[in-house]
Amino acid sequence: MIQGGFDMTKKIKTEEVDRISDLPELIVHHIFLFLSFKEIVQTCVLSKRWEKAWHSHPVLEFDGTIFGRDLWDPYPYNYVKLKEIQNRRLKLFNCLEQILRIRHCREMTSITKFTLEVDIYNDVEFVPFVERCICYALGSNVKKLKLKFGFWHGLFNLPQIVLCAKSVVVLKLRNCYLKLPRSNMNLSSLKKLSLWNVYADDRVIENIVGGIPLIEEMSFRDCKGLRSLDLFGLDRLVDISLVHDFELKRVSIKALNLHSFEIFAPMKLYEINLDYCKSLKRLSLGATSIKDEWLCCLVSKLPLLECLGIGSCDCLESVKISCPTLKTLRISECSKLVELKIDTPNLSVLHYWGDMISFSSNAFALSDIDIKLIPIKFDSEWYIKYIELVAQLHHFSESLVLNVNSGEEVIVPKNLRHTLSSPLSSGKHLFIEFNKEPSTLQVSNIVDGLLWILPHTKNASIISSLIYSFQFSYKKDIVYEGKTACCCKSLPISCWQHCIKEVTLEKVFRRRRLKSLDAIEKSLRNRNRHCKDLVSMKKFTIVMKLLEDQEFAPFVDRCVSYAIGCNVKKLRLDFGLDYNDDEDEGDREKRWYNLPPMVLCAKSLEVLKLGRCKFSYKKPLVYEGEASSCFKSHPISCWQHCIEEVELQIRNSDRNNIKGCSLKGAEFLEKIDGLCSLRSMMKSA
């Protein structure tokens, strides 16, 4: 319909498209939570409704995105530059203060969260600016208050009004100096308190504790001045964390509902009293000078304890734990520990990290065992204890994880194999996880070592940057019947060399890396499927080293195809991050990426950058008159009809698929190095 020369249908259609202005205010506030402060302010230009929503937004975060490097004092000293920066800072202070003042004047607008993260400046206006901002926030009944100051110029003197704020529910302070206020501290609504690199002496903490009846969580980290911590009368307290409070000497807690307690590295600590914490379920003790008897006595007084962590407690020598409710036990780097006796029938998770120990347990419910041995030296005595330990642990669980550094930990010397029997005969799954990448020559020795320890295991995994998964099947009975070779007569069961039937090896990506690649591909796939007709991709870049795994090639191929499907204009593929000038020429030639032909067919491309890429062809370069008419005018065949479609993964033609590769009999051990070798999987063009 046309009225007065104007098309009213176009006006209605234009108004219907502007839906962003019709969003409810609560939705707009939720969108603001995902934006930085600067980005939120920029949304005011969208419409008057968004500007109004910004002025009523209950969350204000003045963080590092505002106080950037451009506000730092110049170095070396430059008076003109310094004055310019100081004026810029002053304008910013006034602007931020005005934002808070407007909200403070509007009694209907309360602040649920206020964050101030700023370096301490030497400006005269800085301290008054911070104090006024805090006053405005508290005047607006702020619920969550976080104050973090830079530590280069010392600690910031916290205004005393903060410790008397009745509206604050969550208080986080960092790099502050706390003084005893003239009036009593009253944080009557506080439920969570976090102090990090804060100076507060015993009297200040005592006054704070006396004014927080509703407190539920407390955290002290790198606090100075705190020597004695007494907590009592806090019926709602459930979680306490004390980390790197090096001056702390004494801790006494009487909290009947406390569920979790963590303490780490109080070097001068000589007393911990948790006898009245009968509801404690999680206990973590790190770098403390606790004794064997004290630990045994404490655990016996905690009837609900489920998780116990002990780390770097160098005074422990013989640990005895008796707790019927304990489900998880973690012990790490206790240098003098030689014996571990646990009476924990319901224990399901056991993690140990340290040197060889004597171990005994009745934990028949164990389902997760993770052992990382850190031997001082390898000798016959160490291997004998190692065999005994593995035998004990594997009786409790069908799977066992051994974390190793070099691999020597699992390779029992052959002279000991002639005098000792294999400790296990019915193991089902053994995981060996390397902290460092194993060399090619170690793989076969490691498999041989684990098959001596578990002669008839069905599954085993060697985990490094890649995961080698083995499945074994056997052709003889496990019980020795006198029919095996002489090498097996000293063993209670037949050795694996004479009863192995088939071995299946699968080499796959490290799961964590594969998961991240899947997420990237999913994002590209969704964009290609839903947006290719609406939005074109301006730029797509892959810069990484050439990964040698069967999952990597299809991943890159699919990502490139999705980008081309979105009409990408700028494409960069660079696989030269692992380039090494010291490499042999032969190895260097193998580290090239075979470019998919689809890249050379992409009509949308305006810019193409390639690094460490190559092309291969399936037809002779010299024109023979046999190809289609499109290149009769050329002396050689055009690339469209002779480019070869190749997978990105580089592999030997006789080892196309490691998955499902089967070898008969004991001969698999001779070829396993070739199968697991990364370099042998690569084929030079």
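The following dialogue examines selected features of a predicted model.

Student: Which residues of helix α8 are buried?

Tutor: Helix α8 spans residues 292-300. Its buried residues cover an arc of only 135° around the axis, which puts them on the same side of α8. The buried residues are Asp 292, Leu 295, Leu 298 and Val 299.

Student: Which residues are exposed on the other side of α8?

Tutor: A residue counts as exposed when its relative accessible area is over 50%. On the side of α8 opposite the buried residues, this description applies to Glu 293 and Ser 300.

Student: What covers the buried residues of α8?

Tutor: The cover includes strands from elsewhere in the numbering, among them β16 at 282-286. Two further elements included in the cover are β17 (307-311) and β18 (318-322). The elements to name are therefore β16, β17 and β18.

Student: How many salt bridges does the structure hold?

Tutor: Side chains of opposite charge can pair when their charged atoms come close. One such case is the salt bridge between Arg 101 and Glu 97. For the structure, the number of salt bridges is 14.

Student: Where do Arg 101 and Glu 97 both lie?

Tutor: Their side chains meet in a salt bridge with an N to O distance of 3.5 Å. The two residues are four residues apart, about one turn of the helix. Both lie in helix α5, residues 79-105.

Student: Is Glu 97 buried or exposed?

Tutor: Its salt-bridge partner Arg 101 counts as partly exposed, at 33% relative accessibility. Glu 97 has a relative accessible area of 7%, and the limit for a buried residue is under 20%. Glu 97 is therefore buried.

Student: Which residues are linked with Glu 97 in a network of salt bridges?

Tutor: Glu 97 meets the side chain of Arg 101 in a salt bridge. The network also takes in an arginine at position 132. The residues linked with Glu 97 are Arg 101 and Arg 132.

Student: Which strands hold Asp 230 and Arg 250?

Tutor: The side chains of Asp 230 and Arg 250 meet in a salt bridge at 2.8 Å, N to O. The pair links distant parts of the chain, 20 residues apart. Asp 230 is in strand β11 (residues 228-232), and Arg 250 is in strand β13 (residues 250-254).

Student: In which strand is Glu 271, which forms a salt bridge with Arg 250?

Tutor: The closest N and O atoms of Glu 271 and Arg 250 are 3.6 Å apart. These residues are 21 residues apart and link distant parts of the chain. Glu 271 is partly exposed at 29% relative accessibility, and Arg 250 is partly exposed at 22%. The strand that holds Glu 271 is β15.

Student: Which backbone oxygen does the side chain of Thr 43 reach?

Tutor: Thr 43 is found in the loop between α3 (37-42) and α4 (48-55). Thr 43 is buried, with a relative accessible area of 10%. Beyond its neighbours within four places in sequence, Thr 43 is in contact with Phe 32, Leu 35 and Trp 50. At 2.4 Å, its side chain reaches the backbone oxygen of Ile 40.

Student: Which residue of β23 is the bridge partner of Tyr 352?

Tutor: Strands β21 (residues 349-354) and β23 (residues 368-373) run parallel and are joined by six bridges. In β23, the partner of Tyr 352 is Ile 371.

Student: Which residue in β24 stands opposite Lys 372?

Tutor: β23 pairs with strand β24 (residues 399-404) in the parallel sense, over three bridges. Opposite Lys 372 stands Asn 403.

Note on methods: Residues are numbered from 1 along each chain as its sequence is written. This is a predicted model: local features need pLDDT of at least 70, side-chain atom pairs count only at pLDDT 80 or more; totals for chains, interfaces and linings use all residues. Side-chain values use heavy atoms; hydrogens and water are left out. Buried means under 20% relative accessible area, exposed over 50%, partly exposed in between (1.4 Å probe, protein chains only). The arc is that of the directions from the helix axis to the C-beta atoms. Contact means heavy atoms within 4.5 Å. A salt bridge is a side-chain nitrogen of Lys or Arg within 4 Å of a carboxyl oxygen of Asp or Glu. A polar contact is a pair of N or O atoms within 3.5 Å; within protein, one must be able to donate a hydrogen and the other to accept it, and residues adjacent in sequence count only if both atoms are side-chain atoms. Two strands pair if DSSP finds at least two bridges between them.
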